[in-house]
Amino acid sequence: MADAALDALIDSLRCLPGVGQKSAQRMAYHLLQHDRPSALRLAQALETAVSEVKHCARCYTFSHEPVCEVCLDETRERQLLCVVESPADQAALERTGSYRGLYFVLMGRISPLDGVGPRDIGMSALLERASDGVVQEVILATSFHAEGEATAHVLSEQLRSRGLKVTRLARGVPVGSELEYVDLGTIAHAFMDRR
């Protein structure tokens, strides 16, 4: 019986991104052997989060309330709407303190190889939100890999066809890096996006 419970724990930990069989095993053994109080706290925190954390009705980020704090904040610039792939991306932008507009969280990105299309990422809800008569500029802040670029392209076409100004986060050479170690695509985009 204990083997089945241990196997179930290991299998459950493997659902986390970047966690394979060996990492899941190490985590399970550590929690059960050295830190049972933390294991219980983790279980309780997961149970609470799953039951209490929902999606904001306006931007789809994680929220305890029907509408999140950012959407309710009257001091935000309502004419700006930044589109991100996940709540983690939104949190990263918020930590910079440089953006004071509103957000729309796609909860994914277009990935034809995985069977994820525009309807699967909430494109219709985004188009409705962006066409509310208040939003003037939509900032696409999707990732700079193939799926993120495809998502930005499809969204850009749809948003522009509705008469909205659409911009994309700039990309370039990271601060503190040496050019010889930066990939050629990043250098090329840095030249194109120079100011």
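**Note on the predicted model: aromatic pairs, sheet and cores**

1. The count of aromatic pairs comes to two. The structure is a predicted model, and the remarks below should be read accordingly.

2. In one pair, the rings of Y60 and F104 have centres 5.3 Å apart and planes at 70°, so the arrangement is edge-to-face. Y60 sits in the loop between strand 1 (54-55) and strand 2 (62-63), while F104 belongs to strand 4, so the pair ties together parts that are 44 residues apart in sequence. What is the burial state of each partner? Y60 is partly exposed, with a relative accessible area of 31%. F104 is buried, at 1%.

3. Y99 and Y103 form an aromatic pair that is also edge-to-face, with 5.2 Å from centre to centre and 65° between the planes. Y99 has a relative accessible area of 12% and is therefore buried, the cut-off being under 20%. Y103 counts as buried too, at 1% relative accessibility.

4. The strand order 4-3-5-6 describes an open sheet of four strands with parallel pairing. Strand 4 (101-105) and strand 6 (165-168) are the edge strands, each pairing on one side only. On average, neighbouring strands of this sheet are turned by 25° against each other, direction ignored.

5. Two helices that pack on the sheet can be taken together. Helix 5 (residues 87-96) packs on the sheet and touches strand 3 and strand 4. The direction of helix 5 makes about 160° with that of strand 4. Helix 6 (residues 123-130) packs on the sheet as well, touching strand 3, strand 4 and strand 5. For helix 6, the angle with the direction of strand 4 is again about 160°.

6. Strand 3 (residues 77-84) and strand 5 (residues 137-140) run parallel and are joined by four bridges. Among the partners, C82 is bridged to I139 in strand 5, and L81 has V138 of strand 5 as its bridge partner. Strand 5 also pairs with strand 6 in the parallel sense, over four bridges. There, the bridge partner of L140 is R168 in strand 6.

7. Which residues of strand 5 are buried on each of its faces? E137 and I139 are buried on one side and V138 and L140 on the other, and both faces of the strand are covered. V138 can be followed further: leaving out residues up to four places away in sequence, V138 touches L81, V83, A130, L159, L164, K165, V166 and T167.

8. The largest nonpolar core has 33 residues, of which C82, V83, V138, L140, L155 and L159 touch the most other members. Helix 4 (69-72), strand 3, strand 4, helix 6, strand 5 and helix 7 (146-160) are the elements that give two or more residues to this core. Strand 3 provides the largest share, five residues.

9. A second core, separate from the largest one, has six residues, including L6, I10, V19 and A28. L6 lies in helix 1 (residues 2-13) and is buried, with a relative accessible area of 17%. Not counting residues up to four places away in sequence, L6 touches A28, Y29 and L32. The C-alpha atoms of L6 and L32 are separated by 9.1 Å, the two residues being 26 residues apart along the chain.

10. T142 is in the loop between strand 5 and helix 7. Is T142 buried or exposed? T142 is buried, with a relative accessible area of 2%. The T142 side chain reaches the backbone oxygen of G148 at 2.9 Å. Beyond residues up to four places away in sequence, T142 touches V83, E85, L106, G148, T151, A152 and R168.

11. S38 is placed in helix 3 (residues 36-52). With a relative accessible area of 16%, S38 is buried. Its side chain makes a polar contact of 3.0 Å with the side chain of R41.

Methods: Residues are numbered from 1 along each chain as its sequence is written. This is a predicted model: local features need pLDDT of at least 70, side-chain atom pairs count only at pLDDT 80 or more; totals for chains, interfaces and linings use all residues. Side-chain values use heavy atoms; hydrogens and water are left out. Two strands pair if DSSP finds at least two bridges between them. Axes are lines fitted to C-alpha atoms, for helices over the stretch in contact, and angles run from 0 to 180 degrees between N-to-C directions. Contact means heavy atoms within 4.5 Å. Buried means under 20% relative accessible area, exposed over 50%, partly exposed in between (1.4 Å probe, protein chains only). A polar contact is a pair of N or O atoms within 3.5 Å; within protein, one must be able to donate a hydrogen and the other to accept it, and residues adjacent in sequence count only if both atoms are side-chain atoms. A nonpolar core is a set of buried Ala, Val, Leu, Ile, Met, Phe, Trp, Tyr and Cys residues joined through side-chain atoms within 4.5 Å. Rings of Phe, Tyr and Trp (its six-membered ring) pair if their centres lie within 6.5 Å; planes under 30 degrees apart count as stacked, over 60 as edge-to-face and the rest as tilted.
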